[in-house]
Amino acid sequence: MTAVELAGITKRFPGVVANHDIHLSVRKGTVHALVGENGAGKSTLMKILYGMQKPDEGTIAVNGEQVTFSSPADAIVRGIGMVHQHFMLADNLTVLENVVLGSEKLHGIGSKARRTILDLSKRYGLGVRPDVLVEELGVADRQRVEILKVLYRGARILILDEPTAVLVPQEVDALFDNLRELKAEGLSVIFISHKLGEVLSVADDITVIRRGTTVGTAVPSETTPRQLAELMVGSELPTPETSESTVTDKPVIEVEDLTVLSADSVSTGKGSASLLMDQVERGAVRLVLDHVSFTIHAGEVMGIAGVEGNGQTELIDALIGLKNADAGVIRFTGDDITSWSTRKRREQGIGYIPEDRHRHGLLLESPLWENRILGHVTERPNAKGIWLDIKGAQEDTRRIVEAYDVRTPSIDVTAASLSGGNQQKLIVGREMSHKPRFLIAAHPTRGVDVGAQAAIWDLIRAARREGLAVLLISADLDELIGLSDTLRVIYNGKLVADADPATITPEELGSAMTGAASGHLENEELAEQVELAEQAESPAQTPADAPEDEAR
Ligand SMILES: Nc1ncnc2c1ncn2[C@@H]1O[C@H](COP(=O)(O)OP(=O)(O)OP(=O)(O)O)[C@@H](O)[C@H]1O
């Protein structure tokens, strides 16, 4: 029984054939993985199946019946649902409100809706709590709400776009359990992923797309990640470089007691640490970064592991100067840069690969060469004296496109028209081209295929040998462990523990990140460190001082 049959799909964009004669056959009750290099055409194909794009040629059949879609609404009617990589939930609404929003006609808004949600949640093991505000949920829970939302609309065929990119290993296991429940009930799942080990562990079938066309299928039980990668690339993969330590004793970035208030807090004692702490104690303000201190030396990559939303964003923003420090000091090669502008920090050699490439990394509607200038408007090759050097910027954009294998028909297309992974490669190329002395790298290879990931790692390692200091924030724990010389765990705005990248496993690190919250840590050494950090934070109250505390 075939749930989806795509035959001879071709889709052209100006200068690019995104899909060329693609065939995809998804069996009912299976998980089908779609893999391929950045820009291979996976998202385009899924947008066609979900009615967001119209194919130039080819046919779509759902459950044996030929269909044409003009919009996602048509696809939803046919039982197709899509969970996008960027979640689309309203933070200030409850789970129930989010799920019901837009489909009130289906099950109403009252008790019937609630019952349907609870039934679906139970049937597929999603564990969703209807009355919790979405803003209180972590990433994995939000994803479950998105899946539930799609099921609520009657989907029997689910498309998941890189669903594991933001999850820790334990959460990935839970998601895969959910997928198994779905297929046991006869639903079909198509998922796009660059994590080939995961693909092989959960998929029943795999379709490989290379440069816009299907090059074959793979049987998971008979394929290794390397063979799959080689099928994607069409040639043998180079063996990755081994890395030896290059850490020196020369501090590049020194952060002392960096403290940042939550956006909704209004401090009256800015700059004075004791005044600030007084306000915190009185509950007048809340800290999102709480006395964070660390030093990164020339030649060192310091990784920060943590579940999203534990202060990583604020730390990055404070280091690049997008957010003011409310207390504490940041020194860069000896200079106090705490009050420097973002521009000055960049000009002096701080590179920045932002967390959210669409909001902070690119001007989506501008051509690639203008994006080359972004953030480096006063520097060579984009400027000559006080003048912009457009020719210089354009030539250098061509160089980056070549050197970083950014797949694009030209440097004049908009950044929006590049595939996600290629947008990322452009940003990494731009930042590395300025030879930074300190690089803030947030998810530097998010959405990037395995070949390009290895190339970016090699580049960072080569620059590290030359003395680059890197702050690495990543949801990819293999990346954190593989690339870092030192590893810290962040929880609730504090650095609560250190881990040794040479010995820790992704599972242990994942449990350190989530366990810091729940108090369950698998790694004894880490557990001890977290406990000590918590004790230092809240000294045990003796019965004698409790009443005084209450009076205060
Ligand atoms: N709206 C568009 N306009 C112009 N070109 C586009 C558009 N959407 C996609 N493309 C081009 O089509 C090709 C396929 O892109 P697509 O996003 O489907 O790749 P992908 O396999 O999903 O890549 P990634 O793994 O990086 O997400 C790319 O060359 C891309 O630049």
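**View 1. K28 sits partly exposed in a loop.** With 15 C-beta neighbours inside 10 Å, K28 counts as partly exposed, because that label covers residues that fall between the buried cut-off of 20 or more and the exposed cut-off of 12 or fewer. Keep in mind that this is a predicted model. You'll find K28 in the loop between β2 and β3 (31-36). Which residues does K28 touch once its neighbours within four places in sequence are left aside? They are M1, T2, A3, G186 and S188. For a sense of distance, look over to A75: it is 47 residues away from K28 along the chain, and their C-alpha atoms are separated by 17 Å.

**View 2. The ligand and the residues around it.** Here the ligand is surrounded by 19 residues. F13, A18, S43, S419 and G421 are the closest ones. Which elements give two or more residues to this shell? They are β2 (16-27), α1 (42-49) and α16. Sorted by class, the shell has 12 polar residues, five nonpolar ones and two charged ones.

**View 3. Helix α16 alongside helix α17.** G421, listed among the closest residues to the ligand, turns up again here, on the α16 side of a helix pair. α16 covers residues 420-433 and α17 covers residues 450-465. Their axes come within 12 Å and cross at roughly 10 degrees. Angles under 35 degrees count as roughly parallel, so α16 and α17 are roughly parallel to each other. Where they meet, α16 brings G421, K425, V428 and M432, while α17 brings A452, I456, L459 and A463. By class, this contact is made of six nonpolar residues, one polar and one charged.

**View 4. Where domain 1 meets domain 2.** The chain is divided into domain 1 (2-232) and domain 2, which takes in 251-349 + 435-537. How many residues take part in the contact between them? On the domain 1 side there are 14, and they are in contact with 17 residues of domain 2. Two helices, α7 (169-184) and α9 (225-233), each supply at least two residues of the domain 1 side. That side has eight nonpolar residues, four polar ones and two charged ones.

**View 5. Stepping back to the whole chain.** To place the close-ups, here is the full protein chain, with its 21 helices and 22 strands. Of its 552 residues, 45% count as buried. Look too at how the chain folds back on itself: among contacts between residues at least 6 apart in sequence, 71% join residues at least 24 apart.

Methods: Residues are numbered from 1 along each chain as its sequence is written. This is a predicted model: local features need pLDDT of at least 70, side-chain atom pairs count only at pLDDT 80 or more; totals for chains, interfaces and linings use all residues. Domain bounds come from an automatic or database domain assignment. Two residues are in contact if their C-beta atoms, placed from the backbone, lie within 7 Å. Helices (H or I, at least four residues) and strands (E, at least two) are DSSP runs, numbered from the N terminus. Ala, Val, Leu, Ile, Met, Phe, Trp, Tyr, Cys and Pro count as nonpolar, Asp, Glu, Lys and Arg as charged, and the others, Gly among them, as polar. Axes are lines fitted to C-alpha atoms, for helices over the stretch in contact, and angles run from 0 to 180 degrees between N-to-C directions. Angles under 35 degrees count as roughly parallel, over 145 as roughly antiparallel, 65 to 115 as roughly perpendicular and the rest as oblique. A residue is near a molecule or strand if its C-beta atom, placed from the backbone, lies within 6 Å of it.
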